[in-house]
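Let's take a walk through a protein model together, starting from its core and working out to its strands and rings. Have a look at the picture before you read on.

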Amino acid sequence: ENEQAILHILTGNCSVAIRPLAGGPMRVMHNLGERTDVFSGRPTTLLLGSDTHFSVVTETEVDALLVVLDQPLVYPPTLIRPRDVRIRELGEATHRRTVREVVGPRYAPFGIRRGETLNIKGGWSSWPPHAGEAACTSENSYERFHYFTRPSSGYGYQLVGTNEHPDPFFNGDVHDIPLGINHAVVGGPDTEVLYVWYFTGPFEKNYPVRAEDGNMYAGGEGNQ
């Protein structure tokens, strides 16, 4: 009752029953989820405040991510269907990618930001470096990436900060990245990479179009 949550449906179809903790009628949301794989189409997401209880009934085999923030918030259950997800085409050449912005600042005061980034085959993302994370001052603040590859045997690398040795990742891996430092991501030559990302905080991430742009940023919420 002191936690807000995001249910992010990766694949499959389900129903969600929601009941207010203070009592009242149960509400059921049917037929949630449209994708057969994370690379095809936009996700379905449900925002849940700390004043609700929920349960999930699967209609098909379902893969989903549940993100919980230990912070009370009275917030109406909010369904973000695929058509509601903002699509941003960012970068150019080898760092061209698609960002599916699911939960951005427009959903404030909800405290979790969430989205998906899809790299072209062998392409880079989170490069050039982000701006806008300066508002994050907590040493415990981080962004979490859930990696998926196509083919499933594919791989990629993640370079964090000034570390000379990039970390490999494979399909299904999870990495935590401190906010406020560079974190470039690249897929293998034959690998498409999609990562689901989330972090907490009120700030926006702005992104330079090219590395030499300096302070020229492509505005947006949650750019990756």
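A nonpolar core is a set of buried Ala, Val, Leu, Ile, Met, Phe, Trp, Tyr and Cys residues joined through side-chain atoms within 4.5 Å. Keep in mind that what you see is a predicted model.

**The cores**

With that idea in hand, which residues have the most contacts inside the largest nonpolar core? They are Ile6, Leu47, Ile80, Val103, Phe110 and Ile112, in a core of 14 residues. The elements that give two or more residues to this core are strand S6, covering 63-69, and strand S9, covering 97-103. Apart from it there's another core, this one with 13 residues, including Val99, Phe169, Leu179 and Val185.

Now zoom in on Ile80. Leaving out residues up to four places away in sequence, Ile80 touches Pro43, Thr44, Thr45, Leu47, Val85, Val102, Val103 and Tyr107. Among these, Leu47 and Val103 also turn up in the list of residues with the most contacts inside the largest core.

**The whole chain**

Time to step back. How many helices and how many strands does the protein chain have? The count is zero helices and 19 strands. Of its 224 residues, 49% count as buried. The chain exposes about 10700 Å², and carbon and sulfur atoms supply 51% of that. Take the contacts with a separation of 6 or more: 72% of them are between residues 24 or more positions apart.

How confident is the predictor, and where does the score drop? The average pLDDT of the protein chain is 86, and 83% of the residues score at least 70. Over residues 211-223, though, the pLDDT is below 50; this stretch has 38 contacts in the model beyond near neighbours in sequence.

**Two leucines**

Leu46 sits in strand S4, which spans residues 44-48. Is Leu46 buried or exposed? Its relative accessible area is 2%, and buried means under 20%, so Leu46 is buried. Beyond its neighbours up to four places away in sequence, Leu46 touches Ala5, Ile6, Leu7, Val16, Ile18, Met29, Thr78 and Leu79. Leu46 and Val103 are 57 residues apart in sequence, with 9.9 Å between their C-alpha atoms.

Leu65 belongs to strand S6. It is buried too, with a relative accessible area of 15%. Not counting neighbours within four places in sequence, Leu65 is in contact with Ile6, Leu7, His8, Leu10, Arg114, His146 and Val196. Leu65 and Val196 are 131 residues apart along the sequence, yet their C-alpha atoms are 9.3 Å apart in space.

**Strands side by side**

Here are three pairings you can trace in the model, each with one facing pair of residues.

| Strands | Sense | Bridges | A facing pair |
|---|---|---|---|
| S2 (residues 14-20) and S3 (residues 27-32) | antiparallel | four | Val16 and Met29 |
| S12 and S15 (residues 174-178) | antiparallel | five | Glu143 and Ile177 |
| S12 and S17 | antiparallel | seven | Thr149 and Val193 |

S2 and S3 form a hairpin with six residues between the strands, and Gly23 takes a positive phi near 100 degrees there. Val16 and Met29, which stand opposite each other in this pairing, are both among the residues that Leu46 touches.

**Rings in pairs**

A pair of aromatic rings is described by the distance of the centres and the angle of the planes. This structure holds seven aromatic pairs. Why does the pair of Phe145 and Tyr195 count as stacked? The centres of these rings are 4.5 Å apart and the planes are at 25 degrees, and planes under 30 degrees apart count as stacked, so this pair fits. Phe145 is in strand S12 (residues 142-150) and Tyr195 is in strand S17 (residues 192-200), so to speak a link between distant parts of the chain, 50 residues apart. Phe145 is buried, at 0% relative accessible area, and Tyr195 is buried at 0% as well.

Another pair, Tyr155 with Tyr157, is edge-to-face, with 6.0 Å from centre to centre and 85 degrees between the planes. Here the rings' residues are partly exposed: Tyr155 has a relative accessible area of 30%, while Tyr157 comes out at 37%.

Finally, Phe145, Tyr147, Phe169 and Tyr195 form one aromatic cluster. Phe169 is also one of the residues of the 13-residue core.

Conventions
Residues numbered from 1 in each chain as written. Predicted model: local features only at pLDDT ≥ 70, side-chain atom pairs only at ≥ 80, totals over all residues. Heavy atoms only, no water. Pairing = 2+ DSSP bridges. pLDDT = per-residue confidence, 0-100. Contact = heavy atoms within 4.5 Å. Buried < 20%, exposed > 50% of the residue type's maximum accessible area, 1.4 Å probe, protein only. Areas by Shrake-Rupley, 256 points an atom, 1.4 Å probe, with all protein chains shown as cover. Phe/Tyr/Trp six-rings, centres within 6.5 Å; stacked < 30°, edge-to-face > 60°.
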